[in-house]
Amino acid sequence: MNQKTVEEANAEAEALRRLYAGKTLTPAEKMKIPAQEMPNQEASVRARNMEEVALGYSEAQAVVEASRCLQCKNAPCVKDCPVHINIPEFLKAVAEENFKEGLKVIRRDSLLPAMCGRVCPQETQCQKNCTMGKALKDVDKAVSIGRVERFLADNVEAEPVKTAPETGKKVLIIGSGPAGITCAADCRKAGHRVVICEALNKPGGVTVYGIPEFRLPKKIVEKEIENLKKTGVEIRTDFLVGKTRKLKDLMEKEGFDAAFIAVGAGLPVFTGVEGENLVGVFAANEYLTRSNLMKAYDKDRALTPMYTSKRVAVLGGGNVAMDAARTAVRMGAEKVSVIYRRTEKEMPARKEEVQHAKEEGVEFLMLKNISRIIGDENGRVRQVETVSFELGEPDASGRRSPVRVDGSEELLEFDTVIIAIGSRSNPLIRQTVPEIQFNEKGNIIVNDNMETSLKNVFAGGDIVLGAATVISAMGQGREAAKAINERLKS
Ligand code: FAD
Ligand code: SF4
Ligand code: SF4
């Protein structure tokens with residue numbers, strides 16, 4: 001941890017917990033309670049391992065942090081959480097040390113609190129307009145809702161899921177990311193037989209192959225998958241719908257009554273600049289998948305060799321770029337530079353991830369873009385030509401648009417380039433199920449019931465929203481399950 005050790009932070013929290021125990025605090029008193037910092041692994045240590053960076057609140061820290069909640073009547077936090085968890089209610093339960101009840105309140109709306117507590121962009125969602133943060137004029141002093149949520153998910157055993165008697169109906173789920181898992185769980189709970197088909201050899205979607213171990217340990221996702229299997233959900237891995245079997249063929253021959261498409265948006269976008277096909281240029285998705293799914297970072301257990309890099313350029317400013325840069329640090333690169341064409345203020349990555357990347361030694365080259373990648377005589381990356389930008393008028397996204405500065409080209413020495421400028425949906429479903437309508441961005445069009453233009457076929461998550469978040473994908477899975485369960489009643 002940066003300033004205090006884990007023991008010091010816990011001892012301070014224990015003292016505060018005893019001080020406030022059993023007292024009804026006024027808003028003014030609550031405002032004086034210090035916001036609890038998250039204990040982290042030391043930057044110089046964690047940059048050399050793949051273990052989780054954030055160590056989690058102790059029980060005393062969770063209780064003290066929850067006691068800061070002002071229990072606002074028109075709670076802005078609830079409106080800003082994509083699945084509208086009753087945040088004041090669960091925080092009150094934690095402040096009263098009723099942890100079981102706290103988790104129960106969360107699980108009414110979210111099936112994946114251990115994941116969301118860790119990876120939700122809270123500063124732009126539930127914590128953005130928190131009254132405590134506003135009162136203290138600092139968004140970083142908002143109640144740390146996500147951290148308390150993570151504490152509950154990690155430390156309280158969830159009640160086992162009870163499934164309704166078998167209905168004899170069958171639901172097909174395509175894709176096992178947060179949207180697919182959630183829809184599967186809710187359909188199974190209603191008593192339907194559920195089969196998930198997953199293209200990769202491990203279920204979990206981006207939470208397994210994209211988000212690195214040091215932010216989201218894989219055992220957390222594995223536990224959710226195990227719980228799902230225990231309820232009777234069948235998972236077929238290495239099953240690419242559209243290639244292994246087509247959707248309509250599966251539905252007709254195996255008698256599925258409904259299907260839910262949750263195939264995500266995993267197709268990387270490239271820049272198109274000269275030199276992008278050189279050896280040493282990777283899409284972030286490929287780089288992270290090798291590291292995560294094939295454990296390329298673990299030389300003794302690696303299922304695939306990892307490209308050895310000394311100087312790595314990462315293009316982009318989102319969470320994917322931060323994950324790729326921080327993975328490259330852990331893979332032993334001597335220098336890792338993030339190249340982004342706007343400034344830090346416009347970066348879409350979570351603030352905490354940018355801060356962690358900086359602490360781990362990642363360099364940020366702002367207001368720059370790659371204009372050319374130059375190779376050596378063996379076709380391997382040797383240099384990158386960058387061009388500078390300045391900020392102009394706001395564009396459609398509301399962010400100031402980058403304007404190229406003529407004559408600002410510069411050659412920088414790199415042997416690896418990782419492209420992390422976005423992703424789109426894979427066209428396989430579009431090509432193999434012509435009845436389903438897509439928009440111009442390649443996302444599936446659904447009605448208010450999450451149903452596609454093909455009857456009894458529903459869709460949700462990134463394939464509908466475009467690259468979004470774990471919690472919004474989960475929320476869509478839940479909405480679709482509700483609509484499917486309603487349909488199958490009739
Ligand atoms: P996915 O998680 O993409 O799952 C789709 C699954 O479908 C995959 O397993 C895929 O293999 C499978 N599939 C695809 N096509 C087929 C087919 N034809 N047949 C069978 N299976 C198929 N969000 C956050 O909230 N916080 C973060 O910090 C964050 N960091 C991220 C970091 C990275 C590197 C990436 C890539 C994304 C990140 N996201 C983050 C976004 C988040 O992970 C996604 O929004 C979320 O996972 C989408 O869920 P989903 O279920 O729609 O799809
Ligand atoms: Fe508590 Fe903040 Fe939500 Fe108010 S806005 S109820 S203080 S978490
Ligand atoms: Fe906040 Fe995410 Fe939890 Fe909602 S699910 S309360 S946005 S951390």
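This is a chat about two ligands and the cavities that hold them in a predicted model.

Student: Before we start, what are the ground rules here?
Tutor: In this predicted model local features need pLDDT of at least 70 and side-chain atom pairs count only at pLDDT 80 or more, while totals for chains, interfaces and linings use all residues. Residues are numbered from 1 along each chain as its sequence is written, chains are lettered from A and ligands numbered from 1 in the order in which they are written, and side-chain values use heavy atoms, with hydrogens and water left out.

Student: Cool. Where does ligand 3 sit?
Tutor: Ligand 3 sits in the largest cavity. A cavity is a set of points on a 1 Å grid over the protein atoms alone where a 1.4 Å probe fits but cannot get out, and sitting there takes more than half of the molecule's atoms within 2 Å of its grid points.

Student: And which residues come nearest to ligand 3?
Tutor: C81, C120, Q125, C126 and E149, out of 13 around it; a residue counts if one of its heavy atoms lies within 4 Å.

Student: Which helix gives the most to that shell?
Tutor: Helix α10, residues 145–155, with three residues. Helices are DSSP runs of H or I with at least four residues, numbered from the N terminus.

Student: Switching to ligand 2: what surrounds it?
Tutor: C69, L70, C72, P76, C77, P88, L91, C130, T131 and I145. The elements giving two or more residues to this shell are α5 (76–80) and α6 (87–95).

Student: Which cavity is that one in?
Tutor: Ligand 2 sits in the second largest cavity.

Notes
1 Å grid on protein atoms, 1.4 Å probe; cavity = no way out; pocket = protein on both sides within 12 Å on 5 of 7 lines; lining within 4 Å.
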